[in-house]
Amino acid sequence: MVVCIPGLESIVGGELDALGVVHRPAGTGALAARMTDRQLYLANAALGCATRVLVDAGSFTARSFPALERGLADLDLGPWWTPEVPLRLRVTSRRSKLVHTGAVEERVRRVLGASDPAPGPRPTDPDGRAGAPGIPVHPGDGDRGPEQLLVVRIERDVVSVRVDSSGAPLHHRGWRGPQAKAPLRETIARAALVAAGWRPGVALVDPFGGSGTIGIEAARWAAGIAPGADRSFAFADWPSFAPGTWASVHAALGGGPDAGTGDTAAAPIVVRDRDAGAVEAARENATRAGVGDRVEIDEGPISTLRPPEGSAPGLLVTNPPWGGRVRGGGDLRDVYARLGHVVRDRFPGWGMAVLTGDDRLAGATGLRPRRVALRARAGAHPIGLHVWRPDGDGHT
Ligand SMILES: C[S@@+](CC[C@H](N)C(=O)[O-])C[C@H]1O[C@@H](n2cnc3c(N)ncnc32)[C@H](O)[C@@H]1O
């Protein structure tokens with residue numbers, strides 16, 4: 001089962017196609033797939049838009065606690081887990097007799113003989129972010145050792161038990177250091193690039209770049225660096241882990257579908273922001289991500305933006321501020337209107353994709369017609385990717 005942010009299912013499906021993994025829809029934010037060990041390792045390291053990959057450990061029907069305990073006792077978690085490893089549980093129940101998830105969790109722990117993860121703050125992972133609740137850090141990193149996430153879902157009295165193979169969610173690429181305000185998840189940034197139609201070899205400009213997520217994802221893609229090339233995964237601590245298979249997967253990792261080569265890396269990738277702190281954070285992130293020499297990172301407001309010198313027309317893919325007034329007191333509609341003017345006047349032949357949580361602000365660019373290429377969620381907020389094609393909208 002491949003889990004993703006709701007709205008990204010078809011993009012993740014396309015990534016699985018490119019990896020040769022057969023899949024089918026499995027509801028909101030999920031795709032079901034049968035994978036060999038090799039494919040499982042590859043999916044974790046190479047999927048750019050998925051959140052995690054879970055392995056089915058078994059399912060059974062339970063309308064009572066004794067039935068739940070019998071079903072759990074019959075499970076064989078041996079390939080994935082041994083009782084010395086603390087278990088982190090995520091239990092959900094819908095339209096079922098067993099509604100008390102706390103009581104279900106207590107039975108799971110007792111029947112499996114599982115210990116709790118150590119209390120207290122979670123260690124930070126190499127991205128510098130504390131593990132979110134229910135999410136282990138990269139196994140083996142930090143001072144608490146590995147822990148294993150088990151996802152127990154009860155739906156219409158069918159209990160499905162799934163073992164997490166990823167560890168920290170897959171948007172943790174392992175390179176993020178300093179934060180700017182409101183950084184995008186790397187998975188959303190990658191999905192925006194895919195949905196905007198960007199590919200290595202196309203010039204890219206992000207004029208509201210913040211900590212650089214969109215440009216860095218693009219530069220790693222263009223450089224042929226797989227999204228998960230620099231991090232570790234929960235599966236590496238499983239009893240069934242096959243180190244030789246992982247070594248050969250890791251050695252063969254490319255940048256994913258349409259990965260760039262030396263030639264395509266020549267197209268400029270520009271990240272810009274008016275905030276000096278954001279620019280500094282983006283530069284450090286780009287260096288940590290191994291693409292410091294592939295992304296041009298400049299300080300400046302949208303009003304002074306120009307296309308990179310000598311570049312063929314490409315794409316602006318950007319995530320301007322939304323959801324309040326900008327620092328300095330101006331109205332956000334003015335910022336979007338300015339963006340629209342700059343693109344119309346100075347970027348002939350370029351397309352643009354704007355990721356925002358407010359459709360009206362996208363309209364404030366004044367560019368027509370626009371198409372919504374993606375709807376997803378950024379944390380609790382619904383967001384849309386508004387796309388303008390240079391040949392269809394008359395802004396050129
Ligand atoms: C939503 S954040 C972008 C976050 C970014 N995608 C990331 O992942 O870190 C919007 C950014 O726009 C910048 N910004 C706001 N007004 C601007 C303007 N007029 N010109 C250029 N940048 C601006 C802010 O400094 C902020 O970093």
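# Bridges, crossings and buried helices

Visitor: Which residue in β10 is the bridge partner of Arg272?
Guide: That's Asp298. Bear in mind that this is a predicted model, where local features need pLDDT of at least 70 and side-chain atom pairs count only at pLDDT 80 or more, while totals for chains, interfaces and linings use all residues. Residue numbers start from 1 along each chain as its sequence is written, and side-chain values use heavy atoms, with hydrogens and water left out.

Visitor: How do you know that β9 is paired with β10?
Guide: Count the bridges: 4 of them join β9 (residues 269–273) to β10, and the two run parallel. Pairing takes at least two bridges found by DSSP, so β9 and β10 qualify. A strand here is a DSSP run of E with at least two residues, a helix is a run of H or I with at least four, and numbering goes from the N terminus.

Visitor: What makes β10 and β13 edge strands?
Guide: The open sheet has 7 strands with mixed pairing, in the order β10-β9-β8-β11-β12-β14-β13. β10 (296–299) and β13 each pair on one side only. Neighbouring strands are turned by 15° against each other on average, ignoring direction. Helix α8 (residues 276–288) packs on this sheet and touches β9 and β10, where touching means heavy atoms within 4.5 Å.

Visitor: Why is α3 called oblique to α4?
Guide: Helix α3 (residues 65–74) and helix α4 (residues 101–112) pack at about 40°, with axes 10 Å apart. Axes are lines fitted to C-alpha atoms, for helices over the stretch in contact, and angles run from 0 to 180 degrees between N-to-C directions. Under 35 degrees is roughly parallel, over 145 roughly antiparallel, 65 to 115 roughly perpendicular and the rest oblique, so about 40° makes this pair oblique.

Visitor: What makes α5 and α6 roughly perpendicular?
Guide: The axes of α5 and helix α6 (residues 213–222) come within 9 Å and cross at roughly 70°. That earns α5 and α6 the label roughly perpendicular. The crossing is right-handed, meaning the near helix is turned clockwise from the far one by less than a right angle (anticlockwise would be left-handed).

Visitor: Which residues of α5 and α6 meet?
Guide: Glu186, Ala189, Arg190, Leu193 and Val194 in α5 meet Thr213, Ile214, Glu217, Ala218 and Trp221 in α6. By class, this contact has 6 nonpolar, 1 polar and 3 charged residues. Nonpolar covers Ala, Val, Leu, Ile, Met, Phe, Trp, Tyr, Cys and Pro; charged covers Asp, Glu, Lys and Arg; the others, Gly among them, are polar.

Visitor: How do you know that Leu16 is buried?
Guide: Leu16, found in helix α1, has a relative accessible area of 0%. Buried means under 20%, exposed over 50% and partly exposed in between (1.4 Å probe, protein chains only), so Leu16 counts as buried. Leaving aside residues up to four places away in sequence, Leu16 touches Val2, Val21, His23, Leu31, Met35 and Leu47.

Visitor: Which other residues of α1 are buried?
Guide: In α1 (residues 9–18), Ile11, Val12, Gly13 and Glu15 are buried along with Leu16. Their packing partners include β1 (2–4) and α5 (186–196).

Visitor: Why is α2 called largely enclosed?
Guide: Because 7 of the 10 residues of α2 (residues 37–46) are buried, the rest of the structure largely encloses this helix. Among the buried ones are Leu40 and Tyr41, and what covers them includes β4 and α7 (243–251).
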